[in-house]
There are 2 protein chains.
Amino acid sequence: MNSITKAPANITVGPLPGSRKVYVEGPMGVPVPFREVALEPSSGEPPIRLYDTSGPYTDPSFVHAIDKGLPALREPWIMARGDTESYVGRQVKPEDNGNASGDYLAPTFPVTRQPRRAKAGGNVTQMHYARKGIITPEMEFVAIRENLLRQQAREHVDRLRARDGVPHDAVIPDDITADWVRQEVACGRAIIPANINHLELEPMAIGRNFLVKINANIGNSAVTSGIAEEVEKLVWSIRWGGDTVMDLSTGRNIHNIREWILRNSPVPIGTVPVYQALEKVGGIAEDLTWDIFRDTLIEQCEQGVDYFTIHAGVRLPYIPMTVDRVTGIVSRGGSIMAKWCLAHHKENFLYTHFADICEIMKAYDVSFSLGDGLRPGAGADANDRAQFAELETLGELTKVAWDQDVQVMIEGPGHVPMHKVQANMIKQREHCGDAPFYTLGPLVTDIAPGYDHITSGIGAAMIGWFGTAMLCYVTPKEHLGLPDREDVRVGVVTYKIAAHAADLAKGHPAARLRDDALSRARFEFRWMDQFNLSLDPEKAQEFHDATLPKEAHKTA
Amino acid sequence: MNSITKAPANITVGPLPGSRKVYVEGPMGVPVPFREVALEPSSGEPPIRLYDTSGPYTDPSFVHAIDKGLPALREPWIMARGDTESYVGRQVKPEDNGNASGDYLAPTFPVTRQPRRAKAGGNVTQMHYARKGIITPEMEFVAIRENLLRQQAREHVDRLRARDGVPHDAVIPDDITADWVRQEVACGRAIIPANINHLELEPMAIGRNFLVKINANIGNSAVTSGIAEEVEKLVWSIRWGGDTVMDLSTGRNIHNIREWILRNSPVPIGTVPVYQALEKVGGIAEDLTWDIFRDTLIEQCEQGVDYFTIHAGVRLPYIPMTVDRVTGIVSRGGSIMAKWCLAHHKENFLYTHFADICEIMKAYDVSFSLGDGLRPGAGADANDRAQFAELETLGELTKVAWDQDVQVMIEGPGHVPMHKVQANMIKQREHCGDAPFYTLGPLVTDIAPGYDHITSGIGAAMIGWFGTAMLCYVTPKEHLGLPDREDVRVGVVTYKIAAHAADLAKGHPAARLRDDALSRARFEFRWMDQFNLSLDPEKAQEFHDATLPKEAHKTA
């Protein structure tokens, strides 16, 4: 069994038990990573390859240095396109870090690199290339990542039965080619969040016809967190399977901590820029301005953030629709914008400046995650007029973004009882032209604080089956406090369950491979194979050993 | 906050935090118990009453003595019917306790009571009474239990919105009367498992038009467990919401331990009699005989077991249908019977003697839980011919049982990916004439040992919505080892989530009351109300306090 070791700065490195990192040759020599689980020789079965979100951290041959960051693997791709320029970026201002100073100021990331942007008037989004018929290395990388399981499934063909599933209009091909990826991105049904300043990224796709993805949220605590601690939250989240990570930090040092996270992240990083903008105006929503917000967008574009949650759908006329709700407006970003709208009695400036935001984002290829600021915070408020009015506006904004070839996904609820879950997916498709849906849960009941990874995992599995492309995790501490390491692990694993259950139900041609291999191991009492093929090999073995600790019990 | 205290024998007693026991006058003066959660005065809201499975243990005025057991509250009801006789029961034999002796023999329950049975040729099942138009005190008790939430909902009418839900053919009335309960039992759509020798029982109903119920499994370990430890497993399970408990003990002392459990149980107890019968033949399936099995049934009928899992559907011709499966036959009872059938190349004696079994059960009112011995143990095997062939036979047997007015529920899978879940419910209804469905999970993926309460909780919530009447819990240790106390708590709470989510989705007229009250508490930062209304108040508060421990943080 592999053991978890720590890199010098207390970053978790090393493979999962029974797994090893393998690579497939990718675009322009960039290797595409997978995780391979070898089975006991007695099984007579080949190893099982798995999609791998964990980055170089699980490769024992990779020497990680937190202050150097990960290799800039996308650099040759971006340089080869020749459509960007480096420039002297925006100067970091004291308010970017909440005016932290002295010992309270988190250190600057030691390696500086000039930001790049599209040459004047240019557009460097993956959607833009896709629509021009260009297959990018990012698309090739994604195609290899998503296709490998299928190749493997064909090798196991004698063990596989007829493909089945109820795809709910998903069209999941037997083979994924780079050109097919391009087509999905061109029509907006999938996104590849990949800021040109996030060179460390291992590209991935979010779309209803790809594997269902999951997001994990991290963020610094109110008390100053150490830099290594913040990077470790990222590494820990992707180790268990987080496909993207949102940095929801508030308070001080937001800028500097984000830099360390981005330089050490192989997965797309999302943020909610209004959180930082609010810090810059001392927490007073009314004092937010377009200029401060715009400046914050550019700050984050230059750092390499891959997608922005923008609450542009919280329109002034929708706010009164929430007054009869049981829980009003519960989204933090939604509350901020509603407060601003009401204080000025003006339309949301994110809505009025939406085309300007697109202009910025297309120069860096930042994707929209159009925020659902009016999402229901209780089952009682699910699917109400406020929620759906906002969703319709998000559909309208999707078209504006697509006019500029900016990539878009749509955020969804929240708290929704089971019988109202599917309507969310149907409405979203109806209004948002099949832009990927990205939902939080939904939680199917409100009565289980402390177990909301489960109440939401039920809704997540269902809505993933219906077509949601990415599921935002919920940890056991939701509504109650800040998640610790164990909560993050449980949250990520719960959402991997939901995403995988959705892939199975949709009829993904290769998802069953892992289930079947594990089931055979179970039937044949190959305990180590059963542990190693599971989503959490450490916990599976720990639970087993709590009753039957002896080595002999794992082979008989 | 109430604290958990222990009765002398280490039995957990005392109310849940913020709750008190309340009673409503029931049939022939027997009080019907509820749990009432008082809200903070600032809320201006009345207390919320909840369905209560926990028995007298959560009543501080009740003094529990494990060696006296619970009050025989059904005794006057049964005596008043005048259709039973007490008799000298079967003598306890050494093999009933696995030939344990001396220090290894668990003590006999100190209070002995002669068993009762129907007078010669009689029938004392709730179904028999129901079909004759008789409303029993058991039915009245059930009606009050199930109706109270509705009365309360009407008092909160100004807060309630229009009833909604997608009932999937459930017909859930606005009011539950004792006569409506009678009708549901008469037509077989619901059962009230209530052996006339289980006098301590607080009757409850299992049926698609009632609240969705959950079952928790307990059982002694291979090593000798203490009597108090076994009773505590029961008390702990029902404290968190277990509606019925199955005693799956194996090994020695089965008879004596079961006696202690029954005498201390306010909920129906189910067993799998073939487990004990197998112990009596030294664990050799081939040596099972109808006589040994029959004797075991009578032994357990006399003790007061309320329902029996009987694997009468594992017919000889179905066994070869499992050979191409990934995981063959995984049900323990199913394997035992399959082994017997193959060894003798004879039809399953439970099938051939099914009418004889009915004759026994109607004299004590033991309900059938027709076992699914061929349930799939992997998603790959779900909904296959073996599984559905058995289900069709269970439908045939249901009619045989109903011909003798014996109550029946049907067990269901197992491991089933999401897109195949609903077909199980549809097939079950088609073949089994709306007899209640009682499913284990189903687990919607096989890749998460250590988290199978979650993989199965997803399937359980869905199938509960589709119409399953009772959900058998799965703990995090499933497939790996024996559950400890924390596993049992997590398993029960997960299944309460699934059952409640199903009630909400079906449109139960009062289920939302608790969600809405908790959501209002959440929105108004009434932390103590939020904790106390939750399924696990202790964990909710513990999680909250891990981040914000101060008292002030619970009121602001």
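Okay, let's start with the interface: 71 residues of chain A are in contact with 71 residues of chain B. Before I go on, keep in mind that this is a predicted model.

So how much area do chain A and chain B bury between them? About 5,800 Å², and 69% of that is on carbon and sulfur atoms. If you're looking at the chain A side, the residues to pick out are A:His419, A:Ile447 and A:Tyr451: they lose the most area to chain B, and together they make up 14% of what that side buries.

Now the polar side of things. How many salt bridges are there between chain A and chain B? The count is 2. One I'd like you to click on pairs A:Asp164 with B:Lys420, where the closest N and O atoms are 2.7 Å apart. As for polar contacts, there are 19 residue pairs between chain A and chain B, counting pairs with both residues at pLDDT 80 or more.

Which helices of chain A are involved? Five to look at here: H14 (452–466), H15 (485–506), H16 (512–523), H17 (527–533) and H18 (537–547) of chain A each supply at least two residues of the side that touches chain B. The top contributor is H15(A), which gives 10 residues to that side. And if you sort the chain A residues touching chain B by character, you get 34 nonpolar, 19 polar and 18 charged.

Okay, zooming out to chain A as a whole. We've got 18 helices and 17 strands in chain A. The radius of gyration of chain A is 23 Å, and the globule rule gives 24 Å for 556 residues, which is close, so chain A is as compact as a globular protein of that length. If you prefer a box, the C-alpha trace of chain A spans about 70 × 50 × 50 Å along its principal axes.

What about the inside? Buried residues make up 68% of the 556 residues in chain A. And for those of you who think in contact maps: of the contacts in chain A with a separation of 6 or more, 76% are between residues 24 or more positions apart.

One last residue, A:Pro76. You'll find A:Pro76 in helix H1 of chain A, residues 75–81. Is A:Pro76 buried, exposed or partly exposed? Its relative accessible area is 39%; buried would need under 20% and exposed over 50%, so A:Pro76 counts as partly exposed. For a sense of distance, A:Pro76 and A:Asp247 are 171 residues apart along the chain, and their C-alpha atoms are separated by 27 Å.

That's it from me.

Methods
Residues numbered from 1 in each chain as written. Chains lettered and ligands numbered in written order. Predicted model: local features only at pLDDT ≥ 70, side-chain atom pairs only at ≥ 80, totals over all residues. Heavy atoms only, no water. Contact = heavy atoms within 4.5 Å. Buried area = accessible area lost by both parts, 1.4 Å probe. Salt bridge = Lys/Arg side-chain N within 4 Å of Asp/Glu carboxyl O. Polar contact = N/O pair within 3.5 Å; in protein donor to acceptor, adjacent residues only side chain to side chain. Helix = DSSP H or I, 4+ residues; strand = E, 2+ residues; numbered from the N terminus. Nonpolar A, V, L, I, M, F, W, Y, C, P; charged D, E, K, R; others polar. Buried < 20%, exposed > 50% of the residue type's maximum accessible area, 1.4 Å probe, protein only. Rg over C-alpha atoms; globule rule 2.2 N^0.38 Å.
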